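Let's take a walk through this protein together, starting with one odd spot in a loop and working outward from there. Keep the 3D view open as you read.

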Amino acid sequence: MKLLFDPKMETILQSIKNKDKTVKEIAEELDEKPSRLYYPIQKLVSTGLIEVSEEKKKGNLIEKYYTSRHLFDDEEMMHVEGDLAIRNSDFLLSMVLLSLNRGITLLKGDLDGNTTAQETEKSRAVYSEYDASLTSSEWRQVNEEIRRIIRDRDNVNNQDKTEYTFSILSYEKESKPTE
């Protein structure tokens, strides 16, 4: 369980989503010793969250290249669904909690006034909640439309961009108990 809540796991997944890398290359990018990444990487491989994409023989050693590309769709959004999500539910939930915690921490800083004078003009996190009555099909369409809007805006060329993370969780409200 300690491994599942390690933020290092997320940085490993992000590091190899666009380019396959060896443990040494990942370690260099994360400013980490390769020996400290072997166990987390093997754990990610055993759960199917990363894959060995290629093996190259270098002298007497076999160098493995790892990828998490299969978790991301063409729009760079992570998708862990179906059997993979079920097999890795603890890891998936910890990833969601880590992502939400980053946003909550920024929101708390904004609300506590822990921003510099330059940052007081803009918030770093926004919380919104909306209720809607939809069919299951409409609900799926709304979620897809949100992803499409974000993807389309991300593709607009603008030099003055800031990167944002959208953690969108939509869920069915609990039904009221019957009397």
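**A walk through the fold**

Start at Asp31, which sits in the loop between helix 2 and helix 3. This is a predicted model, so everything here is read from modelled coordinates. Asp31 comes just after helix 2 and takes a positive phi of about 55°, and that despite not being a glycine. Most residues other than glycine have a negative phi. Is Asp31 buried or exposed? With 73% relative accessibility, Asp31 counts as exposed.

Now zoom out for a moment. The protein has six helices and two strands, and from the N terminus on the order is α-α-α-β-β-α-α-α. Of its 179 residues, 24% count as buried. The accessible surface comes to about 13,900 Å², with 51% of that belonging to carbon and sulfur atoms. If you look at contacts between residues at least 6 apart in sequence, 52% of them join residues at least 24 apart.

Back to the helices on either side of that loop. In helix 2, the buried residues are Val23, Ile26 and Ala27. Look down the axis of helix 2 and these fall within an arc of 100°, so they line one face of the helix. An α-helix has 3.6 residues a turn, so residues three or four places apart point the same way. The other side of helix 2 has Lys24 and Glu28, which are exposed. What do the buried residues of helix 2 pack against? They pack against helix 1, helix 3 and strand 2.

Helix 3 can be read in a similar way. Its buried residues are Pro40, Ile41, Leu44 and Thr47. Seen down the axis of helix 3, they fall within an arc of 130°, so here too the buried residues line one face of the helix. Turned away from that buried side, helix 3 carries the exposed residues Tyr39 and Ser46. Just after helix 3 comes Gly48, with a positive phi of about 85°.

Next, the core. The largest nonpolar core has 17 residues, and those with the most contacts inside it are Ile12, Leu37, Ile41, Leu44 and Ile50. The elements giving two or more residues to this core are helix 1 (7-15), helix 2 (23-30) and helix 3 (38-47). Pick out Ile50 and look past its neighbours within four places in sequence: its contacts include Leu13 and Ile16, then Ile41, Leu44 and Val45, and also Tyr66, Thr67, Ser68 and His70. Another residue to click on is Leu71, in the loop between strand 2 (61-67) and helix 4 (82-87). Leu71 counts as buried because its relative accessibility is 0%. From Leu71 to Lys17 the C-alpha to C-alpha distance is 8.0 Å, although the two are 54 residues apart in sequence.

Charges are worth a look too. Side chains of opposite charge can pair when their charged atoms come close. The structure holds eleven salt bridges. Right by the loop where we began, Lys8, Glu32 and Arg36 are linked in a network of salt bridges. Within it, the side chains of Glu32 and Arg36 meet at 3.5 Å, N to O. Lys8, in helix 1, is buried because its relative accessible area is 15%, whereas Glu32 is partly exposed at 24% relative accessibility. Beyond its neighbours within four places in sequence, Lys8 is in contact with Glu32, Arg36, Leu37 and Pro40.

Further along the chain, Arg124 forms a salt bridge with Asp110, the closest N and O atoms being 3.0 Å apart. This pair links distant parts of the chain, with Arg124 in the loop between helix 5 and helix 6 (136-154) and Asp110 in helix 5, 14 residues apart. Arg124 is partly exposed at 27%, while Asp110 counts as buried at 18%. In helix 6, the side chains of Arg148 and Asp152 meet in a salt bridge at 2.6 Å, N to O. Being four residues apart, Arg148 and Asp152 are separated by about one helical turn. Both are partly exposed, Arg148 at 31% and Asp152 at 34%.

Last stop: the surface of helix 5 (residues 89-112), where Val96 has its place. Val96 is partly exposed because its relative accessibility is 38%. Together with Leu100 and Ile104, Val96 makes a nonpolar surface patch of about 230 Å².

Technical notes. Residues numbered from 1 in each chain as written. Predicted model: local features only at pLDDT ≥ 70, side-chain atom pairs only at ≥ 80, totals over all residues. Heavy atoms only, no water. Patch = residues over 30% accessible without salt bridge, like charges linked within 9 Å, V, L, I, M, F, W, Y side chains within 5 Å. Areas by Shrake-Rupley, 256 points an atom, 1.4 Å probe, with all protein chains shown as cover. Salt bridge = Lys/Arg side-chain N within 4 Å of Asp/Glu carboxyl O. Buried < 20%, exposed > 50% of the residue type's maximum accessible area, 1.4 Å probe, protein only. Core = buried A, V, L, I, M, F, W, Y, C linked by side-chain atoms within 4.5 Å. Contact = heavy atoms within 4.5 Å. Arc of directions from axis to C-beta.
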